[in-house]
Amino acid sequence: MQVNLFDPDAPKKATNLSINSDLLRLAKERRINLSQALEARLAEMLREDFYLHWNEENKEAIDNYNSRVEAEGTFGDGRRLF
């Protein structure tokens with residue numbers, strides 16, 4: 001399940017950041033696009049946070065489902081040949 005947490009086509013907005021000077025130097029030497037790298041990592045962090053909270057919010061339902069499957073099996077258990 002992939003969730004779009006933000007509009008990837010939203011306009012860019014200029015901002016000021018403070019960054020470790022050595023990291024900046026190394027990134028420039030390796031031609032790393034800082035805006036692209038930051039956006040990618042922020043999106044990754046937001047997805048991780050979203051799924052962490054989703055799992056916490058749905059823990060009871062997930063546990064109930066897993067208990068039911070453990071006790072009763074699944075619909076296709078009798079039809080599987082493997």
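In which loop is R31 found? R31 sits in the loop between α1 (21-29) and α2. The model described here is predicted.

**Overall form**

The chain has three helices and zero strands, and along the sequence these elements follow the pattern α-α-α. Its radius of gyration is 22 Å, whereas a compact globule of 82 residues would have one near 12 Å. Along the principal axes, the C-alpha atoms fill a box of roughly 60 × 30 × 25 Å. Of the 82 residues, 2% are buried. The exposed area of the chain is about 8,100 Å², and carbon and sulfur atoms supply 53% of that area.

**Backbone around the helices**

Most residues other than glycine have a negative phi. R31 is not a glycine, yet its phi is positive, at about 55 degrees. R31 counts as exposed because its relative accessible area is 77%.

Another positive phi, near 80 degrees, belongs to G73, which follows α3. Helix α3 itself covers residues 59-72, a run of 14 residues. From its first C-alpha to its last, α3 reaches 20 Å, close to the 20 Å expected at 1.5 Å a residue.

F6 lies in the segment before α1. F6 and E44 are 38 residues apart along the chain, and their C-alpha atoms are separated by 11 Å. With a relative accessibility of 45%, F6 is partly exposed.

**Salt bridges**

Side chains of opposite charge can pair when their charged atoms come close. The structure has a count of seven salt bridges. The table lists some of them.

| Pair | Closest N to O distance |
|---|---|
| D22 and R25 | 2.5 Å |
| R30 and E29 | 3.6 Å |
| E48 and R41 | 3.9 Å |

D22 and R25 are three residues apart in helix α1, so about one helical turn separates them. An α-helix has 3.6 residues a turn, so residues three or four places apart point the same way. D22 is partly exposed at 38% relative accessible area, and R25 is partly exposed at 40%.

R30 is exposed, with a relative accessible area of 54%. The salt bridges link D22, R25, E29 and R30 in a network.

In the pair of E48 and R41, E48 has a relative accessibility of 46% and counts as partly exposed. R41 is also partly exposed, at 38%.

**Aromatic pair and nonpolar patch**

How many aromatic pairs does a search of the whole structure find? The search finds one. The pair is made by F50 and Y51, whose ring centres are 5.2 Å apart. The planes of the two rings stand at 80 degrees, so the pair is edge-to-face. F50 is partly exposed at 28% relative accessibility, and Y51 is partly exposed with a relative accessible area of 24%.

On the surface, L17, L38, L42 and M45 make a nonpolar patch of about 380 Å². One of these residues, M45, lies in helix α2, which covers residues 34-57. Why does M45 count as partly exposed? Its relative accessibility is 41%, and the partly exposed class lies between 20% and 50%.

Terms used
Residues numbered from 1 in each chain as written. Predicted model: local features only at pLDDT ≥ 70, side-chain atom pairs only at ≥ 80, totals over all residues. Heavy atoms only, no water. Patch = residues over 30% accessible without salt bridge, like charges linked within 9 Å, V, L, I, M, F, W, Y side chains within 5 Å. Areas by Shrake-Rupley, 256 points an atom, 1.4 Å probe, with all protein chains shown as cover. Salt bridge = Lys/Arg side-chain N within 4 Å of Asp/Glu carboxyl O. Helix = DSSP H or I, 4+ residues; strand = E, 2+ residues; numbered from the N terminus. Buried < 20%, exposed > 50% of the residue type's maximum accessible area, 1.4 Å probe, protein only. Phe/Tyr/Trp six-rings, centres within 6.5 Å; stacked < 30°, edge-to-face > 60°. Expected span 1.5 Å × (residues − 1). Rg over C-alpha atoms; globule rule 2.2 N^0.38 Å.
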